[in-house]
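Welcome! Let's take a friendly walk through the charged pairs and surface patches of this structure.

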Amino acid sequence: MEIEKNYRINSLFEFYEPLLTNKQKSYIQLYYGDDYSLGEIAEEFSVSRQAVYDNIKRTEKILEGYETKLHLYQAFVERNHEVDAISAYIKQHYHGDATLIKMIQQLVNLEADSE
């Protein structure tokens with residue numbers, strides 16, 4: 001469960017990072033991205049562990065709120081599933097069609113560039 005939560009928060013952070021304050025970005029990056037403890041972050045910023053904890057929990061709620069309203073991460077996941085299904089179909093039925101394979105790769109590249 002914890003790994004799934006970490007993955008989700010990191011994913012939401014990738015999409016919504018520009019909407020966060022610098023402090024929110026720093027705390028989330030250190031906690032979820034760099035695996036710092038609350039104490040390490042508190043020491044880094046000369047604040048209490050409770051202040052770090054409160055900020056991280058508040059930022060998690062903010063990220064989830066953005067996703068509830070904008071659905072950017074959900075849409076990204078759905079598009080990736082569709083591209084995977086199309087790619088599998090092409091490999092099975094059109095494995096020799098270099099043009100079709102190239103077109104799918106261009107879609108994948110577009111998606112990667114938009115992250």
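## A pair within one helix

In this predicted model, Glu-60 and Lys-57 sit three residues apart in helix α4, about one turn of the helix. The two form a salt bridge, with their closest N and O atoms 3.4 Å apart. Lys-57 is partly exposed at 28% relative accessibility, whereas Glu-60 is buried, with a relative accessible area of 8%.

## Links between helices

Glu-60 has another partner: Lys-5, again through a salt bridge whose closest N and O atoms are 3.4 Å apart. Lys-5 belongs to helix α1 and Glu-60 to helix α4 (residues 49-70), so this pair ties together parts that are 55 residues apart in sequence. Lys-5 is partly exposed, at 29% relative accessible area.

Next, look at Glu-64 and Arg-8, whose side chains meet in a salt bridge of 2.9 Å, N to O. This pair also links distant parts of the chain, with Glu-64 in helix α4 and Arg-8 in helix α1, 56 residues apart. Arg-8 is partly exposed at 31% relative accessibility, and Glu-64 is partly exposed at 28%. In total, the count comes to three salt bridges.

## Patches on the surface

Asp-34, Asp-35, Glu-40, Glu-43 and Glu-44 form a negative surface patch. Among them, Asp-34 lies in the loop between α2 (22-33) and α3 (38-45) and is partly exposed, with a relative accessible area of 39%.

A nonpolar surface patch is made by Leu-19, Leu-70 and Leu-72, which together have about 260 Å² of accessible area. Leu-19 is in the loop between α1 (2-16) and α2, and is partly exposed at 45% relative accessibility.

How values were computed: Residues are numbered from 1 along each chain as its sequence is written. This is a predicted model: local features need pLDDT of at least 70, side-chain atom pairs count only at pLDDT 80 or more; totals for chains, interfaces and linings use all residues. Side-chain values use heavy atoms; hydrogens and water are left out. Patches are made of residues with over 30% relative accessible area and no salt bridge: like charges are joined within 9 Å, nonpolar side chains (Val, Leu, Ile, Met, Phe, Trp, Tyr) within 5 Å. Accessible areas come from the Shrake-Rupley method with a 1.4 Å probe; for residues, only the protein chains shown count as cover. A salt bridge is a side-chain nitrogen of Lys or Arg within 4 Å of a carboxyl oxygen of Asp or Glu. Lys and Arg count as positive and Asp and Glu as negative; His and the chain ends are not counted. The place of a charge is taken as NZ of Lys, CZ of Arg, CG of Asp or CD of Glu. Helices (H or I, at least four residues) and strands (E, at least two) are DSSP runs, numbered from the N terminus. Buried means under 20% relative accessible area, exposed over 50%, partly exposed in between (1.4 Å probe, protein chains only).
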